[in-house]
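Please brief me on this protein chain, starting with one residue and its surroundings and then moving to the fold and the aromatic rings.

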Amino acid sequence: MSFVRVPTRPVRLLLVGVVVYLIAVVIVLVQLRSYEIASLIVFGIYLLVGGLIVVRRGNTLGLMLVAYGSIWSIVTAAMVTAETLDEAGRVGAAGWLTLGASVLATPAMWLIAAMWLIFPDGRTCTTTDRRLLRGSGALAILMTVATLFATPQALPETKAYPHPFLDDELAQTLYDVLQASIFLFFLFGYFVAARLVVRMRHGDPIERRQVGWIAVAVIANVTILIANVAIAPLGTDDRAF
């Protein structure tokens, strides 16, 4: 008698992430927006590393990496599709799609720092880390809900559209407030990296090597994100940076 191994819940969530990513890749390729391929490759690497962790360890860190990669891939596909709709004169549809992309992008901003509070085994190490994770998560939920009422603009370097159901002036004011608040997540990323450095200094030799590389990666990742936002007003259209 043979038995069929039923995938665990983390593996099922991984499969969902992979499907979302593949759908996003197809959407971008069909619309011939080659300038987004570099971004999708980067998001695919997050998905790959997260998938390896899920399969081998099944912990929450892997799932958060999978979520980050898949969310940003579908946000990218939505932005590309909004551009296509806008070029076809369907500004209203482009606005709705961009609003959805903006809502998805907000918790993804939180994930980039929050995931490293549970490095490497999927659990927080201290009470302070648990409080940081819960507090920042609550803020991310609040900001995600608020994004529903802000001007549809997924990234600072992408086009803004009229809000589908709210006064544009009010929506723009809320968008400006949210953009200032998002920098809190970037600062949060540096704070998490600093905590990783502290852990590195007090850990055993193996943990020092692990945490040291991750701290460098978090600092580099957050710095590049901030640089991308900073140069957007200068007129760049290259989101792949």
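## Briefing

Not counting residues up to four places away in sequence, Gln153 touches Thr98, Ser102, Thr158, Lys159, Ala160 and Tyr175. The model is predicted. Gln153 lies in the loop between α5 and α6, and with a relative accessible area of 13% Gln153 is buried.

**Overall fold**

- The chain contains seven helices and zero strands, and its pattern along the sequence reads α-α-α-α-α-α-α.
- The radius of gyration is 19 Å, close to the 18 Å from the globule rule for 241 residues, so the chain is as compact as a globular protein of that length.
- The C-alpha trace spans about 60 × 50 × 30 Å along its principal axes.
- Of contacts between residues at least 6 apart in sequence, 67% join residues at least 24 apart.

**Burial, surface and charge**

- Of the 241 residues in the chain, 44% are buried.
- The exposed area of the chain is about 13000 Å², and 69% of that area is supplied by carbon and sulfur atoms.
- The chain has 18 positive and 15 negative charges, and the mean positions of these two sets are 19 Å apart.

**The loop between α5 and α6**

- Gln153 and Ala227 are 74 residues apart along the chain, and their C-alpha atoms are separated by 18 Å.
- Ala150 is also placed in the loop between α5 and α6.
- Ala150 counts as buried because its relative accessibility is 1%, where the cut-off for buried is under 20%.
- Leaving aside neighbours within four places in sequence, Ala150 is in contact with Leu99, His163, Ala171, Leu174, Tyr175 and Leu178.
- Ala150 and Arg131 are 19 residues apart in sequence, and the C-alpha to C-alpha distance between them is 28 Å.
- Phe149 has its place in the loop between α5 and α6 as well.
- Phe149 counts as partly exposed, with 36% relative accessibility.
- The contacts of Phe149, leaving aside neighbours within four places in sequence, are His163, Phe165, Leu166, Ala171 and Leu174.
- Phe149 and Val222 are 73 residues apart in sequence and 26 Å apart in space, C-alpha to C-alpha.

**Helices α4 and α5**

- Thr106 is in helix α4, and at 5% relative accessibility Thr106 counts as buried.
- Beyond neighbours within four places in sequence, Thr106 is in contact with Ala140, Met143, Thr144, Thr147 and Phe185.
- Thr144 is found in helix α5, and Thr144 is buried, with a relative accessible area of 17%.
- Thr144 touches Thr106 in turn, along with Val103 and Pro107, not counting residues up to four places away in sequence.
- Thr144 and Val80 are 64 residues apart along the chain, with 21 Å between their C-alpha atoms.

**Aromatic rings**

- The chain has six aromatic pairs, counting rings whose centres lie within 6.5 Å.
- One of the pairs is formed by Trp96 and Phe165 and is tilted, at 5.9 Å centre to centre with 35° between the planes.
- The Trp96 and Phe165 pair links distant parts of the chain, 69 residues apart: Trp96 is in helix α4 (residues 91–114), and Phe165 is in the loop between α5 (127–147) and α6 (168–202).
- Phe165 counts as partly exposed, at 43% relative accessibility.
- Trp116 and Phe119 form an edge-to-face pair, with 5.9 Å centre to centre and 65° between the planes.
- Trp116 counts as buried at 12% relative accessibility, and Phe119 counts as buried at 10%.
- Phe43, Tyr46, Tyr68 and Trp72 are linked into a cluster by ring pairs.

How values were computed:
Residues are numbered from 1 along each chain as its sequence is written. This is a predicted model: local features need pLDDT of at least 70, side-chain atom pairs count only at pLDDT 80 or more; totals for chains, interfaces and linings use all residues. Side-chain values use heavy atoms; hydrogens and water are left out. Helices (H or I, at least four residues) and strands (E, at least two) are DSSP runs, numbered from the N terminus. The radius of gyration is taken over C-alpha atoms; the globule rule is 2.2 Å times the number of residues to the power 0.38. Buried means under 20% relative accessible area, exposed over 50%, partly exposed in between (1.4 Å probe, protein chains only). Contact means heavy atoms within 4.5 Å. Accessible areas come from the Shrake-Rupley method with a 1.4 Å probe; for residues, only the protein chains shown count as cover. Lys and Arg count as positive and Asp and Glu as negative; His and the chain ends are not counted. The place of a charge is taken as NZ of Lys, CZ of Arg, CG of Asp or CD of Glu. Rings of Phe, Tyr and Trp (its six-membered ring) pair if their centres lie within 6.5 Å; planes under 30 degrees apart count as stacked, over 60 as edge-to-face and the rest as tilted.
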